[in-house]
Structure formats: structure tokens, C-alpha cells
Amino acid sequence: MQNTDDLGKLILRVVLGGLILLHGIAKIIAGPAFVISATTSAGLPAAVGYLVYLGEVIAPILLIVGIWSRLAALIIAGNMVFAIVLVHTKQLFTLNETGGWSLELQGMFLVAALALVLLGAGRFSMGGRGGRWN
């Protein structure tokens, strides 16, 4: 039986990147007002809010194609930490109406990104298995 590690990494990269990218596209369409409001309410400069585009547009694209995948996954993980702290803190220890954790989506995105930081992109990537950041 062949080793399927690289196929698993491809699936994880493409699914995580695609799902995060959808959030980024929504933010491009809606504009940065919500994110800027969240960052300034937390006492951060408004310019920090624009980093969401790095974490939800640029990094997912890099992850999907497999270039600098570890760095892209680390950026996505950081983006998720900021999202949880700035927007979802009140939900951190709550359950939703079906009994699941209220932040299961954010938690899954964060953990999947951390797994890719550790695993790398695999051979089915533009950067290849041996790339420094893959």
C-alpha cells in the first residue's frame, strides 16, 4: 500500500485554504469596516484591521497552491487567534443550540492551520516536498 501522507496534506491544505478564502472574499465584498471596528475597539491601530486580508486572502491562496505553506498556515493560525480574541471571546466557553462548542469552526480552522505548520505542504504542491517553507 502506498504512503498517502502527501495526499492527506493536499486535502488539508486545499480545504482549509478554500474555506478561509471564502471568508476573505466576503470581507473584500463587504469592505473592512467590521474588522476595523473590532481592532480599534480593542485599542489597536486601524491599520491592523487590514491584515485580515493577508490572513484570509493571500495566505489561503498560498496554501492552496502550496507555496510557502508553513508560513501561510502560521499566518492563518494567527488570524484565527485574533478573530477569537477580538470577536468571539464571549463564546469561548459556550455551547451552541445543538450541543457543540460555539467556536468549533474557528477552533477547527486554528488547529488545522497549526497541523499544516508542523506537517508542511507535501509533494503535491508548487513548492514541492523539499521546499524550505513547505
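# Notebook: contacts and burial in a predicted model

**Entry 1, E56.** I began with E56, which I located in helix α4, the run covering residues 51-65. I kept in mind from the start that this is a predicted model. With a relative accessibility of 8%, E56 falls under the 20% cut-off, and I therefore noted it as buried. Setting aside residues within four places in sequence, I listed the contacts of E56 as I20, L21, H23, G24, K27 and N79. One of these, K27, also takes part in a polar contact, side chain to side chain with E56, at 2.9 Å.

**Entry 2, the partner K27.** I then turned to K27, which I found in helix α1. Between K27 and E56 I recorded a salt bridge, with the closest N and O atoms 2.9 Å apart. This pair joins distant parts of the chain, since K27 belongs to helix α1 and E56 to helix α4, with their positions 29 residues apart along the chain. I reminded myself that side chains of opposite charge can pair when their charged atoms come close. Beyond four places in sequence, K27 touches P32, V35, V52, Y53 and E56. I also looked up the C-alpha separation of K27 and G55, which lie 28 residues apart along the chain, and it comes to 11 Å.

**Entry 3, the salt bridges.** How many salt bridges does the model hold? The count comes to 2. Besides K27 with E56, I noted D6 with R123, whose side chains meet at 3.2 Å, N to O. This pair, too, links distant parts of the chain: D6 sits in helix α1 and R123 in the segment after α6, 117 residues apart. I then asked of D6: buried or exposed? At 8% relative accessibility, D6 counts as buried, whereas R123, with a relative accessible area of 44%, is partly exposed.

**Entry 4, L63.** Returning to helix α4, I looked at L63, which is found there. Its relative accessibility is 0%, so I entered L63 as buried. Which residues does L63 touch, not counting those up to four places away in sequence? I wrote down R13, L16, G17, S69, A72, A73, I76 and L116. The C-alpha atoms of L63 and G120 are separated by 9.8 Å, although the two residues are 57 apart along the chain.

**Entry 5, T39.** I next placed T39 in helix α2, and with a relative accessible area of 3% T39 is buried. Leaving out neighbours within four places in sequence, I found T39 in contact with L44, P45, A46, V48, G49 and L86. For another distance I took T39 and A72, which are 33 residues apart along the chain and have C-alpha atoms separated by 22 Å.

**Entry 6, S125.** In the segment after α6 I examined S125. The relative accessible area of S125 is 14%, and this residue is therefore buried. Apart from residues within four places in sequence, S125 is in contact with R13, V65, G66 and N134. R13 had already appeared in my notes, among the residues that L63 touches.

**Entry 7, a surface patch.** Turning to the surface, I noted a nonpolar patch formed by L7, I11, V15, L19, L22, I25, I29 and F124, which together have about 750 Å² of accessible area. I singled out I29, a residue of helix α1, which spans residues 5-30. Is I29 buried or exposed? I29 has a relative accessible area of 70%, and because this is over 50% I recorded it as exposed.

**Entry 8, backbone at W68.** I checked W68 for its backbone angle and found a phi near 50°, which is a positive value in a residue other than glycine. For context, I noted that most residues other than glycine have a negative phi.

**Entry 9, confidence.** Finally I looked up how confident the prediction is. The mean pLDDT of the protein chain is 93, and 97% of its residues reach 70 or more. Where is confidence lowest, and where is it highest? It is lowest in helix α2, residues 33-41, at a mean of 91, and highest in helix α6, residues 104-119, at 97. T39, from my fifth entry, lies in helix α2. I closed with the caution that where pLDDT is low, the predicted coordinates should not be read in detail.

Note on methods:
Residues numbered from 1 in each chain as written. Predicted model: local features only at pLDDT ≥ 70, side-chain atom pairs only at ≥ 80, totals over all residues. Heavy atoms only, no water. Buried < 20%, exposed > 50% of the residue type's maximum accessible area, 1.4 Å probe, protein only. Polar contact = N/O pair within 3.5 Å; in protein donor to acceptor, adjacent residues only side chain to side chain. Contact = heavy atoms within 4.5 Å. Patch = residues over 30% accessible without salt bridge, like charges linked within 9 Å, V, L, I, M, F, W, Y side chains within 5 Å. Areas by Shrake-Rupley, 256 points an atom, 1.4 Å probe, with all protein chains shown as cover. Salt bridge = Lys/Arg side-chain N within 4 Å of Asp/Glu carboxyl O. pLDDT = per-residue confidence, 0-100.
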